[in-house]
Amino acid sequence: DQLVAEKTKFNVISNGSWFLEILCLVIGILSFGASIALLAVFHDKPLPQWPFGITLNTLIALISAITNASLAVPLASGFGQLKWNWFKSKPSPLTDMELFDEASRGSWGAVRLLSSYRGG
């Protein structure tokens with residue numbers, strides 16, 4: 001009975017609509033903080049000698065990639081939800097869908113979306 005209760009509890013948490021996005025957001029914030037902490041620790045100090053040819057730049061690049069990937073998940077989901085809320089509220093032309101799709105793919109698309117729907 002306890003195993004079933006734990007499994008049900010996990011399903012409720014993992015099937016929540018924003019669980020993955022919140023988890024990725026937390027990972028992104030933590031990895032961003034880790035890069036700041038790493039740079040603060042080695043500020044004005046000689047470069048460390050780590051094994052396997054790993055350099056400070058390599059570690060920062062790895063942490064930055066983790067930050068980038070983990071923050072992309074909640075942003076893409078948020079844009080997707082915004083798009084469906086937009087089309088649910090009123091009939092809109094299909095060009096609006098293209099704007100939302102471009103916004104989820106990059107910063108230029110996000111700027112175009114913001115400039116098209118000020119205050120929306």
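This passage describes the salt bridges, a buried acidic residue and two unusual backbone angles in a predicted model.

Side chains of opposite charge can pair when their charged atoms come close. The structure holds 2 salt bridges. In one of them, the side chains of D101 and K83 meet with a nitrogen-to-oxygen distance of 2.8 Å, and this pair links distant parts of the chain, since D101 belongs to helix α4 (residues 94–105) while K83 belongs to helix α3, 18 residues apart. The two partners differ in their surroundings: K83 is buried, with a relative accessible area of 12%, which falls under the 20% limit for that class, whereas D101, at 22% relative accessibility, counts as partly exposed.

The other salt bridge joins R112 to E102, whose closest N and O atoms are 2.4 Å apart. Here too the pair links distant parts of the chain, with R112 placed in helix α5 (residues 107–116) and E102 in helix α4, 10 residues apart. Both partners are partly exposed, R112 with a relative accessible area of 32% and E102 with a relative accessibility of 22%. Helix α4 thus contributes D101 to the bridge with helix α3 and E102 to the bridge with helix α5.

A contrasting case is provided by E21, which is located in helix α2 (residues 19–41). This residue is buried yet has no salt bridge, and the nearest side chain of opposite charge, that of K83, is 13 Å away; because a salt bridge requires the nitrogen and the carboxyl oxygen to lie within 4 Å, E21 and K83 do not form one. K83 is instead paired with D101, as described above. When neighbours within four places in sequence are left aside, E21 is in contact with V73, P74 and S77.

The backbone also shows two residues with a notable phi angle. Most residues other than glycine have a negative phi. D44, although it is not a glycine, has a positive phi of about 60 degrees, and F52, likewise not a glycine, has a positive phi of about 65 degrees. D44 is placed in the loop between α2 and α3 (56–89), and F52 also lies in the loop between these helices. Both residues are exposed, with a relative accessible area of 72% for D44 and of 83% for F52, values that lie over the 50% limit for that class.

Terms used. Residues numbered from 1 in each chain as written. Predicted model: local features only at pLDDT ≥ 70, side-chain atom pairs only at ≥ 80, totals over all residues. Heavy atoms only, no water. Helix = DSSP H or I, 4+ residues; strand = E, 2+ residues; numbered from the N terminus. Buried < 20%, exposed > 50% of the residue type's maximum accessible area, 1.4 Å probe, protein only. Lys, Arg positive; Asp, Glu negative; His and termini not counted. Contact = heavy atoms within 4.5 Å.
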